[in-house]
Amino acid sequence: MAMSVTISAATAQDTEQILKLQYLCYQSEAELYRDWGIEPLTQTLEALRAELSDGVVLVARLGDEVVGSVRGTVDGDGTAHINKLIVHPRLQRHGLGGRLLAELETRLAAGQGARRFRLFTGHRSEGNLRLYRRCGYVASATERVSPKLSLITLEKAAVAQEYATSA
């Protein structure tokens, strides 16, 4: 009997699974940039718990296992800041990242009044860039943060998402 992946709001009981999955998922990014000190690999359980209470955190579950997650907050200008979109390596490239992102956008627009969405990724993270572009994001800025890393900021208007979900 096959199980389907469900997406729901994260609970306090999910924090350890999210943190372990985050550590697993960001290994490839650390290797790509040769930097194992990146924040997703050094984040503490306490910091993750604070994020759970400060914004919207979603998880994707396969049975009882957390196999994906994404986080977002909305600032006073109506910009939703999306971060730490992760999917277990064995489930990547099957549409789960896009599903998590779309669900977070819907919740941030409807429940938090987001008017636009913003996220960032490293310049060498081609898979991430493809996913974000496929989901309607457009590069809006590039910032060189070190000789090894430039961060690309991508954005899209929330209105486009509202039309897409109502169609």
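Q: A disulfide is a pair of cysteine sulfur atoms within 2.5 Å. How many disulfides does a search of the whole structure find?

A: In general, a disulfide is a covalent bond between the sulfur atoms of two cysteines. This is a predicted model. A search of the whole structure gives 0 disulfides. Cys25 is in none, and the nearest cysteine sulfur, that of Cys135, lies 17 Å away. Cys135 is likewise in no disulfide, and its nearest cysteine sulfur is that of Cys25. With a cut-off of 2.5 Å, a separation of 17 Å does not qualify.

Q: Are these cysteines buried, partly exposed or exposed: Cys25 and Cys135?

A: Read the relative accessible area. Buried means under 20%, and exposed means over 50%. Cys25 has 9%, so Cys25 is buried. Cys135 has 23%, so Cys135 is partly exposed.

Q: Next, salt bridges. How many does a search of the whole structure find?

A: Look for a side-chain nitrogen of Lys or Arg within 4 Å of a carboxyl oxygen of Asp or Glu. The search of the whole structure finds 8 salt bridges. One of them joins Lys84 and Glu39, whose closest N and O atoms are 2.8 Å apart. Those partners come from distant parts of the chain. Lys84 is in strand 4, Glu39 is in helix 3, and 45 residues separate them. Lys84 counts as buried, at 11% relative accessibility. Glu39 counts as partly exposed, at 38%.

Q: Which elements hold the partners Arg71 and Glu51?

A: Arg71 sits in strand 3 (residues 65–74), and Glu51 sits in helix 4 (residues 45–54). They are 20 residues apart, and the pair links distant parts of the chain. Their side chains meet in a salt bridge at 2.7 Å, N to O. Arg71 is buried, at 2% relative accessibility. Glu51 is partly exposed, with a relative accessible area of 23%.

Q: Which residues are linked in a network of salt bridges?

A: Follow the shared partners. Glu51 also meets Lys84 in a salt bridge, at 3.7 Å, N to O. That pair links helix 4 with strand 4, across 33 residues. The network links Glu39, Glu51, Arg71 and Lys84.

Q: Where does a residue other than glycine have a positive phi, with Arg34 as one case?

A: Check the backbone angle, then the setting. Phi of Arg34 is near 55 degrees. Arg34 lies in the loop between helix 2 and helix 3. Arg34 is exposed, with a relative accessible area of 54%. Lys84 is another case, with phi near 55 degrees. Lys84 lies in strand 4, and Lys84 is buried, at 11% relative accessibility.

Q: What is the nearest side chain of opposite charge to Glu29?

A: Arg124, at 9.5 Å. The salt-bridge cut-off is 4 Å, so that distance falls outside it. Glu29 is buried yet has no salt bridge. Glu29 belongs to helix 2 (residues 27–33).

Q: Which residues does Glu29 touch, not counting those up to four places away in sequence?

A: Leave out the sequence neighbours, then list the contacts. Glu29 touches Ile38, Ser125 and Asn128.

Q: Now pockets. What is the volume of the largest pocket?

A: Rolling a probe the size of a water molecule over the atoms shows where empty space is left. The largest pocket here has a volume of about 1,100 Å³. Its lining has 41 residues. Those closest to its centre are Glu29, Leu85, Thr121, Asn128 and Tyr132. Glu29 and Asn128 also touch each other.

Q: Which element supplies the largest share of that lining?

A: Helix 6, with 7 residues. Helix 6 spans 126–134. Among the other elements that each supply at least two lining residues are helix 1 (15–25), helix 2 and helix 3 (39–42). Helix 5 (96–112) does so as well. Strand 4 (79–87), strand 5 (116–122) and strand 7 (149–157) also contribute at least two residues each.

Notes:
Residues are numbered from 1 along each chain as its sequence is written. This is a predicted model: local features need pLDDT of at least 70, side-chain atom pairs count only at pLDDT 80 or more; totals for chains, interfaces and linings use all residues. Side-chain values use heavy atoms; hydrogens and water are left out. Helices (H or I, at least four residues) and strands (E, at least two) are DSSP runs, numbered from the N terminus. Buried means under 20% relative accessible area, exposed over 50%, partly exposed in between (1.4 Å probe, protein chains only). Lys and Arg count as positive and Asp and Glu as negative; His and the chain ends are not counted. Contact means heavy atoms within 4.5 Å. On a 1 Å grid over the protein atoms alone, a cavity is a set of points where a 1.4 Å probe fits but cannot get out, and a pocket is an open set with protein on both sides within 12 Å along at least five of seven lines; lining residues have an atom within 4 Å of a point. Grid points are joined across faces, edges and corners, and a volume is the space filled by probe spheres set on the points.
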